[in-house]
Amino acid sequence: MENKNKFGQFLLFGLTSVIASAVDYLVFTGCSFLTKGLSNQLSVTISNVAAKIIGVSVNYVMKRKLVFKSDADLVKSSIQFFALAFGILIGSTVVINLLTGPLKINRYIAKVITETMFFFVNWFVQKLMIFAKKDKVPEDGLTA
């Protein structure tokens, strides 16, 4: 039964990630349209940063409430989540600029490739660190 719950949680993680990625991608596309007069690198960077800020906010709420049903400290978990997202933002911005610059891959395809690369990193860090379930200690402080 526990494996079924873990698999269900992973599927829900994936579904909420798809929703947050769709939000991210839509914002990226809108910002790309709005910044099309800028250099490719500046346009891609601005669009990716704006998309990440909005997408990560949506993602945090869904992961905390729906996927992990976390009772972790709100401030601590949100700081950890946004720190992870910042690291992913730096990594994804570097990767997307490499893909669209020297490798000349279409920016929209590069965005999908980049986000797919970071999916599993997110799962493991969120599951094992940010929203990890703490073992409950009995009120008397003794373990059974």
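Phe118 counts as buried, because its relative accessibility is 15% and buried means under 20%. You'll find Phe118 in helix H4. Keep in mind as you look that this is a predicted model.

So what does Phe118 touch, once residues up to four places away in sequence are left out? Its partners are Ile88, Gly91, Ser92 and Val95. Another residue to look at here is Ile90: in sequence, Phe118 and Ile90 are 28 residues apart, yet from C-alpha to C-alpha the gap in space is 11 Å.

Now zoom out to the whole chain. How many helices and strands does it have? There are four helices and zero strands, and reading along the sequence gives you the pattern α-α-α-α. If you follow the C-alpha trace along its principal axes, it spans about 65 × 30 × 25 Å.

Phe118 has company on the inside: of the 144 residues in the chain, 38% are buried. Contacts also link parts of the chain that sit far along the sequence from one another. Take the contacts between residues at least 6 apart in sequence, and 69% of them join residues at least 24 apart.

On the outside, the chain exposes about 9000 Å². Carbon and sulfur atoms supply 72% of that area. As for charge, you can count 16 positive side chains and 8 negative ones. The centres of these two sets lie 13 Å apart.

Next, the pocket. The largest one has a volume of about 460 Å³, and 25 residues line it. Which of them lie nearest its centre? Those are Ser17, Ser21, Lys52, Glu115 and Asn122. Every one of the helices H1 (2-34), H2 (40-67), H3 (74-100) and H4 (107-130) supplies at least two residues of the lining. H1 gives the largest share, with nine residues.

Ser21 is worth a stop of its own. This residue belongs to helix H1 and is one of those nearest the centre of the largest pocket. Is Ser21 buried, exposed or partly exposed? It is partly exposed, because its relative accessibility is 36%, and that class covers values between under 20% for buried and over 50% for exposed. Ser21 and Ala85 are 64 residues apart along the chain, while their C-alpha atoms are separated by 13 Å.

The loops have something to show you too. Where is Lys69? It sits in the loop between H2 and H3. Its phi is near 40°, which is a positive value in a residue other than glycine. Lys104 is in the loop between H3 and H4, and here phi is near 55°, again a positive value in a residue other than glycine. Both count as exposed, because Lys69 has a relative accessibility of 59% and Lys104 one of 70%, and exposed means over 50%.

Here are the four residues we met along the way, with their accessibility values.

| Residue | Relative accessibility | Class |
|---|---|---|
| Phe118 | 15% | buried |
| Ser21 | 36% | partly exposed |
| Lys69 | 59% | exposed |
| Lys104 | 70% | exposed |

Conventions. Residues numbered from 1 in each chain as written. Predicted model: local features only at pLDDT ≥ 70, side-chain atom pairs only at ≥ 80, totals over all residues. Heavy atoms only, no water. Buried < 20%, exposed > 50% of the residue type's maximum accessible area, 1.4 Å probe, protein only. Contact = heavy atoms within 4.5 Å. Areas by Shrake-Rupley, 256 points an atom, 1.4 Å probe, with all protein chains shown as cover. Lys, Arg positive; Asp, Glu negative; His and termini not counted. Charge placed at Lys NZ, Arg CZ, Asp CG, Glu CD. 1 Å grid on protein atoms, 1.4 Å probe; cavity = no way out; pocket = protein on both sides within 12 Å on 5 of 7 lines; lining within 4 Å. Points joined across faces, edges and corners; volume = space filled by probe spheres on them.
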